[in-house]
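Subject: Structure handover

Hello,

Here is the structure I said I would pass on. My notes on what was found in it follow below.

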Amino acid sequence: MISFAPEDTQHPLHVLRITSHAARGLLQSQQLVRPGAKSAALPPALLTAMHLYSKRLALMGRPDEVGPEAFYRALRQPCASWFPEAESLFAPDACLVEEDGRLGDVVTELNFQGSDIDVTLTEAPMKEFLDSCREKAKTDPKAAQAAYVAYRELVTTRQVMTLHQFYDALEDPAIPPEVIQRTWSEEVVAEPDGMISLCGACGCVLTPTRDGFRCHSAICVIRTDNFKRFTRIPYQPGMRALSVGMAKCVAAPGKHEIALARWLRQEFGLQPVLWPGVDTYDLGAAVGGIRMAVDLKDHANPGLLGLSLRPFRPVPPFDEAYIVVPDDRVQRHPGYMRSLTRFAKPEVLANGIRFLKVSEFKNLVRDRVGGIPVA
Ligand SMILES: [Zn+2]
């Protein structure tokens, strides 16, 4: 069992955070490490990361694998190969930089450890709006909840906005215009033929590559059967998109939350509530007289997810709490649920919280209302 002491500079998570920032910095600055590059020309954060990485390799009895080239190679190797003691934190194939040069899911998912400044910043408009809705809920809870749900549904269903949709959203009296402007802040770039392609899984703008497309999450390749599912729309000047942080951390899980709520309504006529109590949890539903509270998590790395979990807040009250994970995450990584439970803190596990796949949660609901199990 790993003992996590955050002040320890050799602590796997500490080294991982620093190297994760270095990976992001490398890609953002396009300063890829080339053979023969002088380390003096590299940014300080990268030098620190390389130093920590080299120390780890020396401790592991691999002192030869040091220097910028080895470091850049390491960023593209599964994290577990340089942090064997922290293996179950990650998906087996998790790398900081993917083969295609995209940042790995590990980098974004470290956000949930509160360390990823870039992602925290891109989520700032949502966090600020959430705070203002919670404040408003003290005097007018219905209006505050309605405004928050309107915003979350818009984020989840419109990864890209045409100029027309953008102006419509600015007119919405429930959401302040500056929140809309800051949330859809990314400019969209047209492909050479004047179109843009949207991912069939997450709805984000795809980046064309030599042999197909690239999306921000590796799971989109699987969910679209290697981008066989995508839509094309004409580019219009002024089109706006969600930032990657909002797309990955808010919109992507939001799709599962909305789908599960729809399933509960359509299959059983239940009345689920999305983001009740201005986002106390993702979904609340009374099933057979039992009040179920659900948080839906769509993460690649189960250990990092486990470490990030917090106990559910108690209001609106519930009888049972669930963390629910899309089935394909577990199929890709058979040890997923075990790692998730292992890294969840005792205060999270204290109140009988259950960890289920979406299909298991649906079966539980069917059992309770006397239906037939999901295939
Ligand atoms: Zn996608």
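I323 has F355 as its bridge partner in β12. Before going further, please note that this is a predicted model. Another bridge to β12 starts from Y322, whose partner there is R354. These bridges belong to the pairing of strand β11 (residues 320–325) with β12, which is parallel and runs over four bridges.

β11 also pairs with strand β10 (residues 290–296), again in the parallel sense, and here there are five bridges. One pair of bridge partners is A293 and A321, the latter in β11.

These strands are part of an open sheet of five strands, in the order β8-β9-β10-β11-β12. The pairing in this sheet is mixed. At the edges are β8 (273–274) and β12 (354–357), each of which pairs on one side only. As background, the strands of a sheet pair through backbone hydrogen bonds, and the pairing can be parallel or antiparallel.

There is also an open sheet of three strands, ordered β1-β7-β2, with antiparallel pairing. Its edge strands are β1 (160–161) and β2 (186–187), and each of them pairs on one side only. β2 and strand β7 (residues 240–241) run antiparallel and are joined by two bridges. E186 has A241 of β7 as its bridge partner.

Next, the helices. Helix α6 (residues 124–137) and helix α7 (residues 141–157) have axes that come within 7 Å of each other and cross at roughly 160°. Angles over 145 degrees count as roughly antiparallel, and α6 and α7 are therefore roughly antiparallel to each other. Their crossing is left-handed. On the α6 side, the contact is made by F129, L130, C133, K136 and A137. On the α7 side, it is made by P141, A143, A144, Q145, A147, Y148 and Y151. Sorted by class, the contact of α6 with α7 has 10 nonpolar residues, one polar and one charged.

α7 also packs against helix α11 (residues 244–268), at an angle of about 100° and with the axes 8 Å apart. The range from 65 to 115 degrees counts as roughly perpendicular, and α7 and α11 are therefore roughly perpendicular to each other. R152, V155 and T156 of α7 make this contact with M246, V250, A251, G254, K255 and I258 of α11. The residues of the contact of α7 with α11 divide into five nonpolar, two polar and two charged.

Some backbone details are worth a look when you open the file.

- V315 and P316 are joined by a cis peptide bond, with omega at about 0°. P316 is in the loop between α13 (302–308) and β11, and β11 is the strand that pairs with β12 in the parallel sense.
- D225 is not a glycine, yet its phi is positive, at about 55°. This residue lies in the loop between α10 (219–223) and β6 (230–234).
- N226 is found in the loop between α10 and β6. Its phi is near 55°, a positive value in a residue other than glycine.

Are D225 and N226 buried or exposed? D225 is exposed, with 10 other C-beta atoms within 10 Å. N226 counts as exposed with 11 C-beta neighbours inside 10 Å. The cut-off behind both statements is 12 or fewer such neighbours.

Finally, some figures for the chain as a whole. How many helices and strands does the protein chain have? There are 17 helices and 12 strands. Of the 375 residues in the protein chain, 38% are buried. For contacts between residues at least 6 apart in sequence, 65% join residues at least 24 apart.

To find your way around, you could begin with the five-stranded sheet and its edge strands β8 and β12. From there you could go to α7, which has α6 crossing it at roughly 160° and α11 packed on it at about 100°. The loop between α10 and β6 can come last, with D225 and N226 in it.

Regards

Terms used
Residues are numbered from 1 along each chain as its sequence is written. This is a predicted model: local features need pLDDT of at least 70, side-chain atom pairs count only at pLDDT 80 or more; totals for chains, interfaces and linings use all residues. A residue is buried if 20 or more other C-beta atoms lie within 10 Å of its own, exposed if 12 or fewer, and partly exposed in between; C-beta atoms are placed from the backbone. Two residues are in contact if their C-beta atoms, placed from the backbone, lie within 7 Å. Axes are lines fitted to C-alpha atoms, for helices over the stretch in contact, and angles run from 0 to 180 degrees between N-to-C directions. Angles under 35 degrees count as roughly parallel, over 145 as roughly antiparallel, 65 to 115 as roughly perpendicular and the rest as oblique. A crossing is left-handed if the near helix is turned anticlockwise from the far one by less than a right angle, and right-handed if clockwise. Ala, Val, Leu, Ile, Met, Phe, Trp, Tyr, Cys and Pro count as nonpolar, Asp, Glu, Lys and Arg as charged, and the others, Gly among them, as polar. Two strands pair if DSSP finds at least two bridges between them.
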